[in-house]
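User: Please take a close look at one part of this assembly, a short helix at a contact between two chains, and then place it in its wider surroundings. A connected account would serve me best.

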Amino acid sequence: MTLTAPGQAAADAAAVLPGAVRGRGPWRLAWERLRRDPVAIASAATILLIAAAAVAAPAIAHAVGHGPDDQYHDIGLTTAGLPVGPSRQFLLGTDNLGRDLLVRIVYGARISLLVGVVATLLATVAGVVVGLLAGYLGGLVDLVLARFMDMVLSFPYLLLAIALVSVFGPSLTITVLVIAFFSWAAIGRVVRGQTLSIREKEYVEASWSVGSGAPRVMFVEILPNLLAPVLVLATLLVPTAIVFEATLSFLGLGVVPPTPTWGGMLSDSLNFYQVAWWFPLFPGLALLATTLAFNLLGDSVRDALDPTAGRAVAGKDR
Amino acid sequence: MAQRASGSGEVLLRLENVVKHFPVGHGIFPGRDTDAVRAVDGVSLEVHRGETLGLVGETGCGKSTLARCATRLHTLTAGRVIFDGHDISTLSRRQLRPYRRELQMIFQDPYGSLNPHRRVGSIIGDPLAVHGIAEGAARKRQVQELMELVGLNPEHYNRFPAEFSGGQRQRVGVARALALRPKLIVCDEPVSALDVSIRAQIINLLADLQQELDLTYVFISHDLSVVRQVSDRVAVMYLGRLAELAPAAELYRRPRHPYVAALLSAVPVPDPDLAERRERIILAGDVPSPINPPAGCRFHPRCPKARQRCVDEQPPLVPRGGDGADHPTACHFPLEPGDDLAHAHAGGDLPRMARSNP
Amino acid sequence: MLRFLARRLFFGLLVLWTVSGAVFVLFFVAPHDPARLIAGRLATPQTLALVNHRLGLDRPLPEQYASFMGRLLHGDLGYSYYSSAPVRELLASRLPVTASLALGAAALWLLVGVGVGVAAARRPRSLVDRGGTVLVLAGLSMPTFLVGLLLIYFLFFRLHLLGFDLFPAGGYVPLTQDPAGWAQHLLLPWATLALVTAATYSRLTRGSMLEVLGEDYIRTARSKGLSESRVVYRHGLRSALTPVVTQLGVDLGTLLGGVIVTEQVFGLPGLGQLAWQSVTTQDLPVIMGIVLVASAFIVVANLLVDLGYALLDPRVRPA
């Protein structure tokens with residue numbers, strides 16, 4: 001039998017794959033797809049814009065000359081005591097107490113983004129850890145954790161959220177924690193399912209045969225395969241968290257007034273929409289734009305990471 | 001590899017009556033298992049240092065399960081595994097870790113056995129990291145040496161498995177198995193998933209490495225011609241038990257067990273004239289389910305030489321009819337020279353009712 | 001089959017018990033003082049002590065829990081701290097409102113969501129599909145109260161200015177009293193609750209249908225000569241509905257949240273509004289009653305969902 005020299009195989013490899021092409025992993029490829037997606041770019045730009053506005057809120061307030069809580073009864077309200085529409089003084093109009101709507105919206109962005117992102121981060125970390133442990137360890141641990149996740153998912157969450165908030169008093173911390181608590185189980189369940197199936201793969205077996213212990217297998221072998229779906233879920237979780245916060249603020253249970261929140265502004269506008277269309281419109285638009293951008297971005301990320309998902313099989317299009 | 005003398009005689013791995021059953025539960029509450037898949041049902045083997053022991057059998061005969069029992073990736077239902085004099089049958093994963101340095105495995109599926117999200121260099125360096133042998137630049141250097149050893153370009157250290165062909169990925173698997181300089185490597189169908197033209201390369205690689213690094217192999221395959229090439233001794237499995245064990249040349253020339261003879265007659269022969277003249281032994285029926293195997297000798301429902309004793313009594317694996325101690329067969333009525341199985345019918349002399357068919 | 005149902009029922013009761021326990025513990029862990037809320041801010045300490053004693057709030061915790069559970073098992077949910085009315089009556093009077101709202105909305109979102117999803121799946125990448133996708137994404141991003149606000153503004157206010165009073169923006173008319181009025185007053189609330197959820201369902205159905213329609217057995221059905229609609233509805237939809245049913249189970253759980261908000265926006269005197277009131281007044285018996293009702297509803301809904309699975313997919317049916 002002829003012996004193949006060790007160099008021969010390498011030469012074969014060079015013939016199969018052009019040597020000039022540098023190794024491109026799955027993440028790099030996904031990033032390239034994302035970069036070319038116009039929807040992704042537009043939504044990312046929107047998010048960055050809103051984030052920038054939130055960060056620069058004090059600067060904007062200073063530039064316009066109105067603080068977020070300053071009430072201008074003389075120039076901000078009509079003689080009848082109603083809000084004033086968009087004008088040179090108040091670019092987006094005022095609210096029922098004569099406060100500058102633009103400034104309040106920009107400050108409200110801070111709350112929404114902060115709560116949305118932080119709550120999502122907490123929920124994601126908790127969900128990944130619990131899902132990994134449940135899926136990997138199996139047995140009693142899995143039984144208990146999976147049932148616990150099911151229970152959390154089937155709680156009437158808004159009701160309990162209301163109860164929690166009204167019992168402990170409304171505050172930013174409580175809001176973040178409550179939202180995180182009701183979101184983590186969704187991620188945990190998906191992570192558990194994925195872990196269960198990855199666990200059966202041969203490369204996990206190979207890792208065991210080399211002597212790897214549980215932590216190494218979980219975090220070096222399994223976790224990298226989870227990052228893609230978790231990233232998509234997390235991106236799509238942010239708008240849910242933002243809407244949750246807006247709802248709590250709408251019901252008066254979010255952050256304590258007079259701190260501006262989009263939900264709170266919308267709640268106040270309920271009684272004035274007939275005479276001041278700008279009052280619900282602009283906070284509503286801000287909320288809609290933010291959540292829509294995150295949803296679209298999440299969709300695009302999902303497409304970039306797995307272009308085959310959700311499409312009809314090639315050739316079946318009419 | 002077939003030309004080498006069969007090792008120094010020192011026993012490196014011994015399996016004593018290994019049993020592995022997988023429970024198939026029906027009850028709502030876990031633990032109430034009614035049936036079990038009897039994947040491995042009492043296998044005893046010895047692997048000598050420096051040799052290549054081939055393990056052959058059809059799909060579902062339990063050879064992959066046996067491989068995983070031998071490397072303790074499964075827990076044993078019963079029996080013992082003794083590696084290099086140490087009984088590793090019931091050790092926990094942590095206790096097993098030092099033995100993993102000496103006892104490694106190469107897997108079948110070049111696409112499934114490498115984590116698609118990890119770079120090849122990292123995968124090969126895994127054993128070094130787990131056992132704390134080398135860090136950083138030193139580890140990278142060792143990995144690149146390994147890559148060269150198995151015929152891969154060390155510059156491809158940072159590439160992902162998807163960028164390699166099937167044959168190259170198997171080389172990665174080999175490199176990973178070699179990283180800790182083990183004594184014994186269990187190869188679970190290492191070439192079955194590769195194109196025929198690539199198989200020779202990998203087999204040659206394994207042969208070279210055995211010479212260079214003084215390795216011992218257990219080579220598992222369903223492909224008889226491949227096993228014949230590489231093995232010193234060959235063991236044949238059927239439905240969880242060993243049917244026959246012999247030095248390679250002797251098994252292929254003078255098989256004793258009817259099942260082994262039938263298998264060998266099915267191996268394709270390159271010479272068309274020879275192929276035409278050869279009589280195929282066609283076995284009737286399918287392999288029975290391992291959940292409910294036949295009583296006595298498991299092969300009896302399909303065996304042309306079956307008799308009542310085959311139903312009642314399980315044949316032990318001992319040398320038959322004048323064979324040496326290195327050629328045991330598990331059959332009550334082994335083949336004698338002159339037996340013609342091609343024209344016998346399945347079930348042999350047994351009336352239909354007497355055979356215990358699942 | 002019975003065994004399966006029994007197991008689910010048992011688990012459901014376990015959930016109920018856990019939830020009630022959680023609410024109970026929560027109530028006592030937090031700083032609270034319903035007595036003060038009832039007696040008013042100027043009450044003297046003696047009055048407060050009296051109120052506390054009457055409500056049984058000065059007894060040790062385990063005792064209170066035991067007596068509560070005891071009464072519960074007799075079907076007695078206690079009396080509201082706030083209005084002294086029996087909790088059971090309060091719940092009973094408001095249940096029809098919430099039930100009308102929730103069930104009507106569910107029917108609406110299923111019809112619209114699945115319908116749009118199937119239509120989009122049948123013509124992938126067409127105008128219907130792309131238009132639907134945009135609407136869906138917009139809908140997904142909106143909180144329920146915003147939808148309600150928009151509907152009120154456009155369908156009530158604007159039309160009202162033009163002289164059409166088609167869609168009332170509030171109030172409830174009992175079904176038994178005036179079916180037409182009942183439906184008319186519920187139109188906007190139903191739309192509010194259903195629109196956002198319909199978006200999720202249409203997307204889910206679309207994705208699921210696309211996957212199913214690409215399967216080989218559909219191709220076989222088509223080549224057998226079956227009409228397209230039969231292929232899609234009889235063969236395809238059945239398998240495609242499984243994830244929809246799963247989602248339904250989850251959504252029935254979160255429905256109460258949307259109900260609370262919708263009832264608030266439209267001024268409907270249902271359980272949602274009661275929940276809101278009772279939490280702000282720390283009216284424990286009422287809170288407990290609502291939580292139990294909601295959890296029971298979820299348990300029953302999940303059971304029905306499981307039965308739905310068994311109906312749709314014969315493989316799932318327990319032996």
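Analyst: In this predicted model, the buried residues of helix H9 of chain A are A:Tyr203, A:Val204, A:Glu205, A:Ala206, A:Ser207, A:Trp208, A:Ser209 and A:Val210. H9(A) spans residues 202-210, and with eight of its nine residues buried, the helix is mostly covered. The cover comes from two chains: the buried residues of H9(A) pack against helix H8 (172-198) and helix H10 (214-250) of chain A, and also against H2, E6, H3 and H5 of chain B. Just after H9(A) comes A:Gly211, whose phi is positive, at about 110 degrees.

The chain B elements around H9(A) lead to the contact between chains A and B. That contact takes 28 residues from chain A and 35 residues from chain B. On the chain B side, two or more residues come from each of helix H2 (93-100), strand E6 (103-106), helix H3 (120-130), helix H5 (166-178) and helix H6 (196-213). H6(B) gives the largest share of this side, four residues. By class, the side of chain B that touches chain A has 14 polar, twelve charged and nine nonpolar residues.

Chain A also meets chain C, where 37 residues of chain A are in contact with 44 residues of chain C. The elements of chain C that each supply at least two residues to this side are helix H1 (2-29), helix H6 (127-141), helix H7 (144-162), H8, helix H10 (228-266), helix H11 (271-280) and helix H12 (284-312). H10(C) gives the most, with eight residues. By class, the side of chain C that touches chain A has 30 nonpolar, twelve polar and two charged residues.

Within chain C, H8(C) also packs against helix H5 (residues 87-122), at an angle of about 35 degrees and with the axes 5 Å apart. The crossing of these two helices, H5(C) and H8(C), is right-handed. Their contact has 22 nonpolar, seven polar and two charged residues.

Nonpolar side chains tend to be buried together in soluble globular proteins. In this model the largest nonpolar core has 243 residues, and those that touch the most other members are A:Leu159, A:Ile162, B:Ala175 and B:Val218. Helix H8 of chain C, residues 179-213, gives the most to this core, with 16 residues. From chain B, the core draws at least three residues from each of domain 1 (11-102 + 182-245) and domain 2 (254-358). Leaving aside neighbours within four places in sequence, B:Val218 is in contact with B:Val47, B:Leu53, B:Leu55, B:Ala67, B:Ala70, B:Val186 and B:Cys187.

Chain B, which supplies part of the surroundings of H9(A), merits a description of its own. Its secondary structure comes to eleven helices and twelve strands, and 46% of its 358 residues count as buried. Among its contacts between residues at least 6 apart in sequence, 68% join residues at least 24 apart. The chain is divided into domain 1 (11-102 + 182-245) and domain 2 (254-358). The contact between these domains takes 19 residues from domain 1 of chain B and 19 residues from domain 2 of chain B. On the domain 1 side, strand E2 (33-48), helix H7 (224-230), strand E9 (233-238) and strand E10 (241-247) each supply at least two residues. By class, that side has eleven nonpolar, three polar and five charged residues.

Two loop residues of chain B also deserve attention for their backbone angles. B:Asp84 has a positive phi of about 50 degrees although it is not a glycine, and this residue lies in the loop between strand E4 (78-83) and strand E5 (86-87). B:Asp84 counts as partly exposed because it has 16 C-beta neighbours inside 10 Å. B:Glu189, likewise a residue other than glycine, has a positive phi near 50 degrees. B:Glu189 lies in the loop between strand E7 (184-188) and H6 of chain B. With 21 C-beta neighbours inside 10 Å, B:Glu189 counts as buried, since the cut-off for a buried residue is 20 or more.

Definitions and conventions. Residues are numbered from 1 along each chain as its sequence is written. Chains are lettered from A and ligands numbered from 1 in the order in which they are written. This is a predicted model: local features need pLDDT of at least 70, side-chain atom pairs count only at pLDDT 80 or more; totals for chains, interfaces and linings use all residues. Two residues are in contact if their C-beta atoms, placed from the backbone, lie within 7 Å. Ala, Val, Leu, Ile, Met, Phe, Trp, Tyr, Cys and Pro count as nonpolar, Asp, Glu, Lys and Arg as charged, and the others, Gly among them, as polar. Domain bounds come from an automatic or database domain assignment. A nonpolar core is a set of buried Ala, Val, Leu, Ile, Met, Phe, Trp, Tyr and Cys residues joined through C-beta atoms within 7 Å. A residue is buried if 20 or more other C-beta atoms lie within 10 Å of its own, exposed if 12 or fewer, and partly exposed in between; C-beta atoms are placed from the backbone. Axes are lines fitted to C-alpha atoms, for helices over the stretch in contact, and angles run from 0 to 180 degrees between N-to-C directions. A crossing is left-handed if the near helix is turned anticlockwise from the far one by less than a right angle, and right-handed if clockwise.
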